[in-house]
Amino acid sequence: MPLSRRTSTASALAAAVLVLGPSAAAAQAGSPVPVVPVAPQQPAPLPADGGVRLTLLHANDLESALLPETDGAGAEQAGAARFAALVERQRAAAQAGGPVLALAGGDLFLPGPQLDASRLDGTGELYDALAFDAAGFDASAIGNHDLDLTPDFLADYLDAVSEETPFVAANLDLSGEPRLQVEVEDGTVVASTVVESAGGRFGVIGLTTPELPELTSLGEVRVDPALAEVANAQAAALEAAGVSKVVLVSHLQDVDNEVALVPQLRGVDVVVAAGGGEVMASPGDALLPGDAVSTDAAGAPLSYPTVVGAADGARVPVVTTSGLYRYVGQLVVDFDAEGRLVAVDDVASRPLPVTSTGPDAVAPDPDVVAEVEEPVAAYVDGLASQVVARTEVPLDGRRDAVRSRETGLGSLVADSLLAAGRAGAEEAGVAPPVVALQNGGGLRNDSVLPAGDVSALDTYDVTPFANFVAVAPELPVEAFVAAVDHGAGAGEGSFAQVAGFSYTADPDAPAGSRVQSLTLADGTPVVVGGQRVLDGTISVASIDFLLRGSDGYDALDGAAFEVLPTTQQQALQTFLADDLGGTVTAAQYPEAGTGRITQV
């Protein structure tokens, strides 16, 4: 049977209730509001006459993790098929007691082998869209990763999902991207929407992080950073239209950002946060093996929900899940006859683990298994037999090696960044890079690739993270040298594999004084005798992770850079197959290195 939404009825959940009252003082302070539950053994009373009990099912950061995992005990967990079945089971159980709303928080797909199954297997299917539709989401926010493969790919995804599902993006201006503007004009992308369920009407507003320009391939998409102003205007418009029950679904990268936003909000009843991947849970909630409850900025555990005072005196529950199809969040709340949120069902409200064992166990949806998981698994398995190059020499990617000295594999990956940066520079409108930096901690195969075939799966094993090639076209030379100095310290993940230059350094010297000499590939001296002799700027290729100052690369933080629509893995595979013509020679990448890095 084709994938479709299914509905049924079952008994309603009964649980204890947290009673929420206004707290103007807490709202002004912007601090979480302590809420004390009644005895959990008492059934939750139904809402008073005219009131409504809403079951809100939610998920975020699904990120193309379509295939199930196996835990240490051999039990299966996560995966799109079991996730869809759990959402449907909870929807059916809750519908007997009132309306149900299912929301997604964005980052619905992510570059990698599982997304590549859609892009490259030749069937024309977008498996992430099929999985999304199978879960029956009523609305979704847009996340930063949803733009990683350019706005046009996001438009492809929006075209592939059900026309019934709106994507809420109140602070995004898509008018500069023609294909996305079509999605606005046909009502697929909206600032807010109204969802009707069991006679109830619920407003849904969407926000996306203002950090988009630094996080993704934004194109001509523009983001309004005035989050509270935008959300409050949408909430006021919904109230004017007679919609008093409002949910904000926001992709702000860290639930602390949503918690900080709530004290500025008016007319918002619930916030579904996304982008951070935190685990929210209350004592007694079941979690998947190895998971632990995340903490807030002050180090306190993040309870599910976390209740925060708003600007209008309301107490607003904030929820999120850890993503990757591993949990379905379930928040059950009561509204009174005037549309005010008055209680949270404390027992029914919890993160539900997607698992094959325990009280929350659910069998995978067979349609999703057949139409999503099986073809994706076949594609991923096929990567192991897809030869993209042959190497004449062993390529050392062992953890201790790539984090302490020049290796052939490290140089190969750095060269691939430089080549990808140069290939994409003209279209991005930036100066072609002269040099490239790759942190050793980003190379993860922890093995030596032997002489012989290099498979497509090998390239994912070497560079598994969803990092993108990025170019800082006008990095001050002083900052470049400082970055190299940081990357010269051996033994850490920040150790730099390099391309386009060579240098001599003392890895044991104090930070800031390690680099003794540095010369560009064209012979231009940059550092002589420990002193920088070149001024001006230089165009640098790297991964977006480093150019944001991560892994201790503070010298790069704040530099302007352009993220290219090319993943680190794509750069490596293209470099092997095209730039090197499918052959890694011993002359180019000898086991002893070429002298790019000399340590004294």
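Is serine 64 buried or exposed? Serine 64 is buried, because its relative accessible area is 3%, and buried means under 20%. Here are some notes to read with the structure open; keep in mind that this is a predicted model.

1. **The chain as a whole.** Let's start with the overall view. The chain holds 16 helices and 34 strands. Its radius of gyration is 26 Å, close to the 25 Å that the globule rule gives for 600 residues, so the chain is as compact as a globular protein of that length. Along the principal axes, the C-alpha atoms fill a box of roughly 80 × 50 × 45 Å.

2. **Burial and contacts.** Of the 600 residues in the chain, 57% are buried. Now count the contacts with a separation of 6 or more: 75% of them are between residues 24 or more positions apart.

3. **Serine 64 again.** You can find serine 64 in the loop between strand E2 (52-59) and strand E3 (69-70). Its phi is near 60 degrees, a positive value in a residue other than glycine. That is worth a second look, because most residues other than glycine have a negative phi. Serine 64 also turns up among the contacts of leucine 110, which brings us to another loop.

4. **The loop between E5 and H3.** Two residues to look at here are aspartate 107 and leucine 110. Aspartate 107 lies in the loop between E5 and H3, and its phi is also positive, near 55 degrees. With a relative accessible area of 1%, aspartate 107 is buried. Leucine 110 has its place in the loop between strand E5 (100-104) and helix H3 (113-120). Leucine 110 is buried too, because its relative accessible area is 15% and the cut-off is under 20%.

5. **What leucine 110 touches.** Leaving aside neighbours within four places in sequence, leucine 110 is in contact with Glu63, Ser64, Leu115, His145, Asp148 and Ala466. For a sense of how the chain folds back, try leucine 147: it is 37 residues from leucine 110 in sequence, and the two C-alpha atoms are 9.4 Å apart in space.

6. **Arginine 326, a charged residue inside.** Arginine 326 sits in the loop between strand E16 (315-319) and strand E17 (327-335). How much of it is accessible? Its relative accessibility is 11%, so arginine 326 counts as buried. Its side chain makes a polar contact of 2.8 Å with the side chain of aspartate 291. Setting aside residues within four places in sequence, its contacts include Glu69, Gln77, Ala78, Leu288 and Pro353.

7. **Aspartate 173, partly exposed.** Aspartate 173 is found in strand E8 (residues 172-173). At 37% relative accessibility, aspartate 173 counts as partly exposed. Its side chain and that of serine 175 are joined by a polar contact of 2.7 Å. Further along the chain, valine 221 is 48 residues away, yet the C-alpha atoms of aspartate 173 and valine 221 are separated by 5.9 Å. Not counting residues up to four places away in sequence, aspartate 173 touches Glu220, Val221 and Arg222.

8. **A cis peptide bond.** Look at the bond joining tyrosine 304 and proline 305: it is cis, with omega about -10 degrees. Most peptide bonds are trans. Proline 305 is in the loop between strand E14 (270-274) and strand E15 (306-309).

9. **The largest pocket.** What is the volume of the largest pocket? It is about 620 Å³. Among the 27 residues that line the pocket, Ala428, Glu562, Val563, Leu564 and Pro565 are the closest to its centre. Two or more lining residues come from each of helix H7 (212-215), helix H12 (408-428), strand E32 (562-567) and helix H16 (568-579). H12 gives the most, with seven residues. By class, the lining has 13 nonpolar, nine polar and five charged residues.

10. **Cavities.** How many cavities of 30 Å³ or more does a search of the whole structure find? The search finds four. The second largest cavity holds about 80 Å³ of space. Its lining includes Pro111, Gly112, Asp116, Tyr460, Phe465, Ala466 and Gln569. The lining residues divide into five nonpolar, five polar and one charged. Ala466 links this point to an earlier one, as leucine 110 is in contact with Ala466.

Terms used: Residues are numbered from 1 along each chain as its sequence is written. This is a predicted model: local features need pLDDT of at least 70, side-chain atom pairs count only at pLDDT 80 or more; totals for chains, interfaces and linings use all residues. Side-chain values use heavy atoms; hydrogens and water are left out. On a 1 Å grid over the protein atoms alone, a cavity is a set of points where a 1.4 Å probe fits but cannot get out, and a pocket is an open set with protein on both sides within 12 Å along at least five of seven lines; lining residues have an atom within 4 Å of a point. Grid points are joined across faces, edges and corners, and a volume is the space filled by probe spheres set on the points. Ala, Val, Leu, Ile, Met, Phe, Trp, Tyr, Cys and Pro count as nonpolar, Asp, Glu, Lys and Arg as charged, and the others, Gly among them, as polar. Helices (H or I, at least four residues) and strands (E, at least two) are DSSP runs, numbered from the N terminus. Buried means under 20% relative accessible area, exposed over 50%, partly exposed in between (1.4 Å probe, protein chains only). A polar contact is a pair of N or O atoms within 3.5 Å; within protein, one must be able to donate a hydrogen and the other to accept it, and residues adjacent in sequence count only if both atoms are side-chain atoms. Contact means heavy atoms within 4.5 Å. The radius of gyration is taken over C-alpha atoms; the globule rule is 2.2 Å times the number of residues to the power 0.38.
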